[in-house]
Amino acid sequence: MADGTEEQTKEAMRHLSVMALTLAFVISFVYAIPALHRFAPWKAGESYPLESLFTPAQEAYTFSGMGTEEPEPEVNPDANELGPAVAANLGDDEEEPTGPRVQVNPREYEGIDVQIEDPTGRGMRPFYEALRNTALSKPDAMTRISHWGDSSIATDLITHTVRRRLQRRFGDGGHGFVLAGKGYLAYRHRDVQHSSSDDWMLREVTRNHDSSGYYGLGGVQFRGRPGAWTRFETSEDGPVGQQVSRFRIFYQRHRRGGHIHYEVDGGERQVIETRSTEREDAVEEIVVPDGPHRLSVRFGGHGQPRVYGVVLEREAPGVVYDSIGLVGARAARLLYYDEAHVAGQIEMRGTNLVVLGFGGNEAGDNIAADRYQAEYEQVIERMRGGRDDLGCLVFSPLDQGERDDRGRVQTMGTIPNIVAAQRAAAFAQGCAFYDTWTAMGGEGAVARWLESRPRLASSDLRHMTPAGYAVVGNLYYKAMLAGFARYLSERAASPDASDAPSEASPSEASSSEAPSEASSPEAPSPSD
């Protein structure tokens, strides 16, 4: 009986040896033949097979601001690979700013590696000049930013973060521009209450629906049908958005125009007549006591009113950040705008800084870098309209990921080319440039963000989670603040700086907290 068992054991070992030799033979072919490399069980740079079985488990690390912080030795290696800049900007900074608004303490923009690049200084100067007037609380000193972008902007997560921080720092100027309705767009704004019916016909710039090119500031023209209504209301909670001093309805007059009815806080109904012999854009301004209010707008019952959107603002000096997200858009879609129309919309809006944030959808296109740069320059020309008094910033795409043949996440190969082309287009047109991609960590960022805790990247590898968008917003806000600090320092050192009120000039000139490039190692030069 023992002999039989011993013979069975020997036979099993022979079978196992044959299988092992066969497997080794097959694996050797996989490594020897290039066409079969994707089937290789291990490649240089990867973890060794079964390594995880012998590696002690690490507890997830939760960063400060997102929950309870764990002891330092238990840091999640994956989260640690995000880099210090990303890790330092996780979560919402709820600390209220202190001190004079016209001074910037270097601590306010700590934790960034990437700054806004503005070689000529012409891209950001109009914005910084307006922001300085706001910081000095000059009468009617409102600073307005209008940010066009793709789906990363349409959710108002990046822009919501920047809006809150700018408004808490420099003053709440109101929520800004909101589309007339939502329609079928993935469109949402924070710190404002907005609802609408589905009875609007949409004409979108992204689809070139209207041959006139009249799409309004937000890129969508809403045509009223019976029963169409929309409502705008201040926020009930949160640090900003709870007051409004004026509503501004952006609409179009034309030959087949009709009545727009509106009322504030359920009060007396007012009528806007939009019929006109000529097509022209117009604004209806509704002044209210500063505080919480609700504006209701509806179709008047005859004709065809065409509405673009509504602006919520306050009278007090402050900052307004318009989030104009166009789902699925490529930058070139903005060329469908009528040139005079979009220039008029931006002028009526009183915008100080135009921000163009596209490139995520182009990442999947087969487009030559030189052709893309030329096209982007046309977009900048269309949106800036040749105005030297209008600031201009190109906001590069976020990292976009794809999986290789082994299932590993990597940056799409087109992203670095798009970033380079956008930078070249911005500089050629005298605009500033913010390298969002590099700020996130550059090559392979989306892979690291996908594995981080909290997770920062979505599983589609093209969008971020709310926590991820907050990181981008924090990095971008601090880059704006660092640039503003440089502007203040340079201006204070200039012999032409003579228009500041006497009580404000010393604070600008004397504060070591408004650093110059030479004196502030915390603020790397824009080319870094």
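Student: Which residues are buried in α8?

Tutor: Buried has a cut-off here: a residue is buried under 20% relative accessible area, exposed over 50%, and partly exposed in between, with a 1.4 Å probe and protein chains only. In α8, the buried residues are Tyr372, Tyr376, Glu377, Val379, Ile380, Arg382, Met383 and Arg384. Before going on, note that this is a predicted model, in which local features need pLDDT of at least 70 and side-chain atom pairs count only at pLDDT 80 or more, while totals for chains, interfaces and linings use all residues. Residues are numbered from 1 along each chain as its sequence is written, and side-chain values use heavy atoms, with hydrogens and water left out.

Student: What covers the buried residues of α8?

Tutor: A contact means heavy atoms within 4.5 Å. The cover includes the strands β1 (142-149), β14 (353-357) and β15 (391-395), together with the helices α7 (339-349) and α9 (414-428). As for these labels, helices (H or I, at least four residues) and strands (E, at least two) are DSSP runs, numbered from the N terminus.

Student: How many Å should helix α8 span?

Tutor: The expected span of a helix is 1.5 Å times one less than its number of residues. Helix α8 covers residues 369-384, which makes 16 residues, so it should span 22 Å, and its end C-alpha atoms are indeed 22 Å apart. After α8 comes Gly385, whose phi is positive, near 65°.

Student: How many residues of α6 are buried, and what follows this helix?

Tutor: In α6, 14 of its 14 residues are buried, so to speak of it as mostly covered fits the rule. The 14 residues of α6 (residues 157-170) should span 20 Å, and the end C-alpha atoms agree, being 20 Å apart. Just after α6 stands Gly171, with a positive phi of about 120°.

Student: What pLDDT does the protein average?

Tutor: pLDDT is the predictor's confidence in each residue, from 0 to 100. The protein averages 84, and 80% of the residues score at least 70. Over residues 42-79, however, the pLDDT is below 50, and this stretch has 48 contacts in the model beyond near neighbours in sequence. Residues 500-528 also have a pLDDT below 50, and that stretch has 50 contacts beyond near neighbours in sequence.

Student: Which cysteines does a disulfide join?

Tutor: A disulfide is a covalent bond between the sulfur atoms of two cysteines. In a model it is recognised as a pair of cysteine sulfur atoms within 2.5 Å. By this rule there is one disulfide, joining Cys392 to Cys431 with an S to S distance of 2.0 Å. The pair links distant parts of the chain, since Cys392 is in strand β15 and Cys431 is in the loop between α9 and β18 (432-434), 39 residues apart. The link of Cys392 and Cys431 is right-handed, with 90° about the S-S bond.

Student: Why do Cys392 and Cys431 count as buried?

Tutor: Cys392 counts as buried because its relative accessibility is 1%, and Cys431 because its value is 2%.

Student: How many aromatic pairs does a search of the whole structure find?

Tutor: Rings of Phe, Tyr and Trp (its six-membered ring) pair if their centres lie within 6.5 Å; planes under 30 degrees apart count as stacked, over 60 as edge-to-face and the rest as tilted. The search finds twelve aromatic pairs. The rings of Tyr434 and Tyr476 have centres 5.5 Å apart and planes at 40°, so this pair is tilted. Tyr434 lies in strand β18 and Tyr476 in helix α12, 42 residues apart, so that the pair links distant parts of the chain. Both Tyr434 and Tyr476 are buried. Ring pairs also link Phe127, Tyr128, Phe170, Phe484 and Tyr487 into a cluster.

Student: Where does Leu461 lie, and which residues does Leu461 touch?

Tutor: Leu461 lies in the loop between α11 and α12, and at 6% relative accessibility Leu461 counts as buried. Not counting residues up to four places away in sequence, Leu461 touches Asp399, Gln400, Gly401, Glu402, Arg403, Val409, Val446 and Leu450. The C-alpha atoms of Leu461 and Val409 are separated by 8.2 Å, although the two residues are 52 apart along the chain.
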